[in-house]
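Grab your viewer and let's work through a few exercises together. Each one has a task, then a solution in steps.

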Amino acid sequence: MYTAQDLISVGISALLTAGLYAVMSYGLAIIYGVMKVINLSNAGFVMLGAFLTLVYFQQWHLDPILGAFLNLPVFFVMGWLVYRLLVRRVMTALPIASLLLLFALWLVVQNVALLIWGSEDQSIITAYTYKALALLGFRISLTRLLVFGVALAVLTVLHYGLGHTYIGKALRATVQDPQAALLVGIDTGRISAVAFGLGTAFAGFAGGLLALLFSFTPDFGGSFQLKSFTIIVLGGLENLAGVTVGAAILAFAESFAVLFMRASLQDVVAYALLVVALIVMPGGVAQLLARSRS
Amino acid sequence: MMRWVRSGGVALAVPALLLALVTGGQPAAVPEISIGSVLPLSGAFGSSGNYFKQGYSMAIDDVNNAGGLQVGAQKYHINLTILDDGSDFTRSRSLVEKLVTDQHVNFLLGGYDTSLVEAQEVVPDQYQIPYVEGGGAASDIFKRGYKYIFGTLATIYDMGTITMDYLAFEIGNGRLPKPSTIAVVWENTDHGKDYVNAVVDEAKAHPDLFQIVLNQSFQLNGTDFSPLLQQVKASNAAVFLSDAHLPDFITMHRQYLQAGMYNQFITYGARGPDQKGRQALGPGADYLVAALWWTPALKDPASQLFTERYMREYHAIPDWFQALSFETARVLVRGIQDAGSLNGPAVRDALAKVVLRNSLLPGGVIRFQPNGQVIGSYVMVQTTPGNTVRIIWPKKLPEARDATLPLPHPQ
């Protein structure tokens, strides 16, 4: 049996994981919300974000947290270019076209990374990688705490931006009703490019943070992609704020489920939640909350 | 007219004569033996797959540089073809079939990792092509009645047994508590099941020495082991046993250290001394105990020569991957020589009886059981600061030393 201390420890770990899950899912949510496109290349950009962070660390001794921030503008430009050169050409085609295109892009990114960095596991070890904070009898990994704090800060800034800037409001308007957004004079083409850039920027940013926690190879990112799908479905496919809720639900469900079942079934929790969400609440938690308010 | 004919004849004869002089002295092309292998050169097992490629290449280069392989009255150049399965087992099997049906290889060298070897092993018997592997150690590989499969890795079950034997020794010495509480976590594969079965069997046989307080499996290539490690912490076990492949070892032990956990004895199976693991974990990988199929710390002449040669060629310290793959290729070559033929069934029969001496493997000899698995053993080491290892078991080895037990508390 587990003591209260054990359960609280798991809860703290789940909370820290939720922050990480939220930041790696936001990119996917933004792109789907605005463009109704499932960005299968998200995992590739997460992986690339991890490798670029490694490059900054090795070449310039740049701390990985700062490296993750540097990834934001770099990957925004990357995403913008991908949209302009590739994605917008298939926007009017069947949805399968964009799915295949972005999946192919993922494979290309993976293979380019393989050519450049090879297949060996890479890691970033900093002076604080193995340090922990002792708080009220609990030991909290410093890297996980930092990643959680940074993720929370960036998501807060994003939320503020979405609510208080023209671009943010235009993004939200396009998510709610693209036709209406067009009618009121929003350049939805430009907004889509911004959304893709922003989504890619978040993928690169998440990759930089993940590089602090995990070792990585060009195959990195795929397993997180499945969790991200679950999170955005749980939160509500077109609800950006719901992503945070979805991330929390998944992180807590996974962490506590393992205490009472085989750890090898941990991934099943994500898939089971995805199935339940799609059947019982396809609009996600956000829709559930909206219904209860009305 | 006759002058033109004579001139034309001379004009044709001279180059023809020159051509005959040039080509007439050339030896016939050297006949070739084709050996194929499908390895994970990318993907989750990419690091290890590339090490296997190095070992195979070194062994085949030795044969070719010595003039070729003598088979009966004929010398053959060995052509080694290696394909990348990307650590995907469905691709692995289809590529082995492609090697056999499209590229018509004579013999096969195995892949790396139990899951990929298990996918490949259905092919050799179908085509009666001998297959020697050094990358899959689960005993299930050799329980399926295949006649053309030979393995140079001692089983994971034996790894679990030797680990428990060593624990019993240290418990007897008073360096670990009696009984020692054990938390065992294992990857949810045949590899992991072999390991945990050995641990459970030994614990049942010696309840006065061992008490299993946690027995949990985890999914291969996991990303977050925090809940699992929380269970390990809550079990308050003295001993933490884990069977994990390199990527999971790196992730799990990193999270173990970040959680500030401590156990008196820690092992991740064969992980710990791997160069990749030590680079990824730094001093965090110190004092881990590992059961290895080979280590560069072995002082026998064959091991030392191999280590020096590898360091000259690749400017790095070899791990067991390179040594085992080197020996695996050597065994196959020896089988072909002993058979005196390129006939698959004949080479298969020769491999079944082969005795390869001066081997790098602990014990110095490679021979196979009737089911194709090697009669082999392990050496146990403990990683020590400064990217070094100390051999700790079996004690009969002259280079064996005492382990640092219980483990030092982390700073």
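**Exercise 1.** Work out whether α8(A) is mostly covered or not, using the count of buried residues.

*Solution.* Start with the count: 23 of the 26 residues of α8(A) are buried, so the helix is mostly covered, where buried means 20 or more other C-beta atoms, placed from the backbone, within 10 Å of the residue's own. Next, the span: α8 of chain A (residues 188-213) runs 37 Å from first C-alpha to last, close to the expected 38 Å, which is 1.5 Å times one less than the number of residues. Helices here are DSSP runs of H or I, at least four residues, and strands are E runs of at least two, numbered from the N terminus.

A word on the setup: this is a predicted model, where local features need pLDDT of at least 70, side-chain atom pairs need 80 or more, and totals for chains, interfaces and linings use all residues. Residues are numbered from 1 along each chain as written, with chains lettered from A and ligands numbered from 1 in written order.

**Exercise 2.** Find how many residues each chain brings to the A–B contact.

*Solution.* Chain B brings 34 and chain A 33, with contact meaning backbone-placed C-beta atoms within 7 Å. Then look at which elements of chain B supply at least two residues each: α2 (46-65), β8 (210-218), α8 (226-235), α9 (246-258) and α10 (275-281).

**Exercise 3.** Locate the domains of chain B and how far apart their centres are.

*Solution.* Domain 1 covers 32-154 + 300-353 and domain 2 covers 157-292 + 379-393, with bounds from an automatic or database assignment. Their C-alpha centres sit 29 Å apart. Finally, 15 residues of domain 1 touch 15 of domain 2.

Definitions and conventions
A residue is buried if 20 or more other C-beta atoms lie within 10 Å of its own, exposed if 12 or fewer, and partly exposed in between; C-beta atoms are placed from the backbone. Two residues are in contact if their C-beta atoms, placed from the backbone, lie within 7 Å.
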